[in-house]
Amino acid sequence: VGLGLRPKQAEAVWSLVNGEKIDEQAQGRGLSVEGVRWHFKNIYQRTGCSTQAELVRLVLGLFGRPLN
């Protein structure tokens, strides 16, 4: 993902776009749910989005449907 995101942030965004929930991302990456939420707060700040839905719409609008 472009958008000026760091690689781990881009990975988290693609996981979200592909339907992975925050708690699933936390478990899969060995992080706390709050840790993943903190990362998404930074992602929202970088992208100008304020919700998960807005972020997904932005990514899909820029890059089309993600590959599973």
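User: Why is Arg37 called partly exposed?

Analyst: The relative accessibility of Arg37 is 41%. Buried means under 20% relative accessible area and exposed means over 50%, with partly exposed in between (1.4 Å probe, protein chains only). Arg37 therefore counts as partly exposed. This is a predicted model, where local features need pLDDT of at least 70, side-chain atom pairs count only at pLDDT 80 or more, and totals for chains, interfaces and linings use all residues. Residues are numbered from 1 along each chain as its sequence is written, and side-chain values use heavy atoms, leaving out hydrogens and water.

User: What makes Arg37 and Glu34 a salt bridge?

Analyst: A salt bridge needs a side-chain nitrogen of Lys or Arg within 4 Å of a carboxyl oxygen of Asp or Glu. For Arg37 and Glu34, the N to O value is 2.8 Å, so the pair fits the rule. Both residues sit in helix 3 (residues 33–47), three residues apart, or about one helical turn. Helices here are DSSP runs (H or I, at least four residues), numbered from the N terminus.

User: How do you know that Arg29 forms a salt bridge with Glu11?

Analyst: Their closest N and O atoms are 3.3 Å apart, so this pair also meets the definition. Arg29 lies in helix 2 (residues 22–29) and Glu11 in helix 1 (residues 7–17), so the bridge ties together parts 18 residues apart in sequence.

User: What makes Glu11, Glu20 and Arg29 a network?

Analyst: Arg29 bridges to Glu11, and the side chains of Glu20 and Arg29 also meet in a salt bridge, at 3.6 Å from N to O. Salt bridges thus link these residues in a network.

Terms used:
Helix = DSSP H or I, 4+ residues; strand = E, 2+ residues; numbered from the N terminus.
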